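Thanks, everyone, for making the time this morning. I would like to walk you through one structure, going from a single side chain outwards to the whole chain, and I will put it on the screen now.

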Amino acid sequence: MARNRQGHPMLMRFMQRLFSLIVTLIVASILIFCVIEVLPGDPAAFMLGMNAEPEAVAALRAQMGLDAGLVARYFTWIGGWLTGDFGTSYTYRVPVAELIADRVWVSLPLALYALGLSTVIAFPIGIVAAMRRGRAADYGIMGATQLGIAIPNFWFAMFLVVIFAINLRWVQAGGFPGWHDPVAAIRALTLPAISLALPQASILARIMRSALIDTLDEDYVRTARAKGLSRSGVVRAHALRNAMIPVLTIIGLQFSFLLAGAIIIENVFYLPGLGRLLFQAINQRDLIVVESTVMLLVMAVVVVTFLVDLAYAIVDPRLRR
């Protein structure tokens with residue numbers, strides 16, 4: 001009976017979040033389609049050039065399906081999404097799904113690599129800052145993280161290129177060799193991942209410090225300390241887990257940002273990822289690629305947020321009730 005009483009709120013929570021996810025995706029698809037479709041410029045005229053005959057432009061528009069109504073084109077696009085058909089690129093003349101599949105295997109590992117570096121850096125220094133609150137170590141860490149937030153990641157990326165690629169020649173300045181050579185691929189992603197991880201690690205360390213300080217001031221922590229448990233033991237056994245809820249939120253948001261917001265870094269390092277694909281598609285007025293890529297990135301953000309929300313119940317047993 002206790003399990004049933006506990007399981008019912010969890011099931012309701014899951015269904016509510018799932019419904020919210022579906023509604024969010026529907027609204028996002030409408031907004032993305034409408035905003036991109038009303039942008040100035042005709043893809044057919046862009047492809048044929050400024051001196052193209054109107055008849056040729058009209059024929060190409062019909063061939064690309066651009067002569068249909070806005071509502072019909074939306075349902076065609078979203079219907080293709082539901083069946084796995086994202087359409088055909090106007091510029092490359094290949095299925096958009098193939099373009100995205102080729103590029104996602106650069107952007108996704110880059111985002112995971114950067115998030116892993118950010119987490120590995122942020123957790124220990126955030127914990128140290130919280131446990132040394134008001135001391136020299138705390139002030140030093142907070143100053144360093146403030147500097148890490150203030151430095152633009154593209155500037156830091158160019159700084160890393162000058163030091164490690166041009167002067168030391170340890171890595172290539174840009175490009176991606178592909179995953180047939182995993183070692184070379186990881187080396188090519190290392191500088192971009194560090195560039196992305198620096199500001200994210202600074203933010204995450206500050207959140208970890210604040211959340212852990214708040215938790216260390218709770219009554220149950222003082223009770224554990226009064227029973228003779230060491231400060232580090234209290235942090236490991238009690239405080240750290242309860243401080244993870246705001247940290248999980250930031251990690252989820254950071255992964256979404258790293259996946260969707262690496263356009264500048266991918267262009268600095270000439271990486272063939274989703275960000276560079278999106279940048280090129282906008283310049284080429286390849287609307288179907290822009291719509292599908294943006295929709296995929298929005299879906300990633302919404303799904304990650306959904307999973308993080310469910311993870312709260314794992315970290316905090318109180319939410320299961």
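Let me begin with one polar contact, in which a polar atom of the side chain of T215 lies 2.8 Å from the backbone oxygen of A211. Please keep in mind, here and throughout, that what you are looking at is a predicted model. T215 is found in helix α8, and because its relative accessibility is 7%, T215 counts as buried.

Staying with the interior, which residues of the largest nonpolar core touch the most other members? The core has 76 residues, and the two that touch the most other members are W77 and L212. The largest share of this core comes from α8, which supplies 15 residues. If we set aside the neighbours of L212 within four places in sequence, L212 is in contact with I127, A130, V235, A239, L240 and A243.

W77 brings me to the aromatic residues, since W77 also belongs to one aromatic cluster together with F33, Y74 and F75. The count of aromatic pairs comes to 9. One of them is the pair of Y74 and F75, which is edge-to-face, with 5.3 Å from centre to centre and 75° between the planes. As for how these two residues are placed, Y74 counts as buried because its relative accessibility is 13%, whereas F75 has a relative accessible area of 54% and is therefore exposed. A second pair is formed by W81 and F86, whose ring centres are 4.2 Å apart and whose planes are at 20°, so this pair is stacked. Both W81 and F86 are buried.

F86 turns up again among the contacts of V96, a residue placed in helix α5. Not counting residues up to four places away in sequence, V96 touches F86, G87, T88 and S89, and also I288, V289 and S292. The relative accessible area of V96 is 0%, so V96 is buried. V96 and D85 are 11 residues apart in sequence, and from C-alpha to C-alpha they are 8.0 Å apart in space.

Helix α5 also holds S107, and for S107 we can ask whether it is buried or exposed. With a relative accessible area of 2%, S107 is buried. Its contacts, again leaving out residues up to four places away in sequence, are L259, E266, G273, L274 and G275.

Now to helix α7, residues 153-167, where a simple check on length can be made. At 1.5 Å a residue, its 15 residues should span 21 Å, and since the end C-alpha atoms are 20 Å apart, the two values agree. Along the way α7 bends by about 30° at V161. V161 is also one of the buried residues of α7, alongside N153, F156, A157, L160 and A165. What covers the buried residues of α7 includes α8, residues 182-216, and α12, residues 263-268.

After α7 comes R169, and this takes me to the backbone. Most residues other than glycine have a negative phi. R169 is not a glycine, and yet its phi is positive, at about 55°. R169 sits in the loop between α7 and α8, and because its relative accessibility is 68%, R169 counts as exposed.

Where is the other residue I want to point out, R93? R93 is found in the loop between α4, residues 70-83, and α5, residues 96-131. Its phi is near 60°, which is again a positive value in a residue other than glycine. Here the relative accessible area is 44%, so R93 is partly exposed.

Let me finish with the chain as a whole. How many helices and strands does the protein chain have? There are 14 helices and 0 strands, so that, reading from the N terminus on, every element is written as α. Of the 321 residues of the protein chain, 40% count as buried. Finally, if we take the contacts with a separation of 6 or more, residues 24 or more positions apart account for 74% of them. I am happy to go back to any of these places on the screen.

Notes:
Residues are numbered from 1 along each chain as its sequence is written. This is a predicted model: local features need pLDDT of at least 70, side-chain atom pairs count only at pLDDT 80 or more; totals for chains, interfaces and linings use all residues. Side-chain values use heavy atoms; hydrogens and water are left out. Helices (H or I, at least four residues) and strands (E, at least two) are DSSP runs, numbered from the N terminus. The expected span of a helix is 1.5 Å times one less than its number of residues. The bend at a residue is the angle between axes fitted to the seven residues ending there and the seven starting there. Buried means under 20% relative accessible area, exposed over 50%, partly exposed in between (1.4 Å probe, protein chains only). Contact means heavy atoms within 4.5 Å. A polar contact is a pair of N or O atoms within 3.5 Å; within protein, one must be able to donate a hydrogen and the other to accept it, and residues adjacent in sequence count only if both atoms are side-chain atoms. Rings of Phe, Tyr and Trp (its six-membered ring) pair if their centres lie within 6.5 Å; planes under 30 degrees apart count as stacked, over 60 as edge-to-face and the rest as tilted. A nonpolar core is a set of buried Ala, Val, Leu, Ile, Met, Phe, Trp, Tyr and Cys residues joined through side-chain atoms within 4.5 Å.
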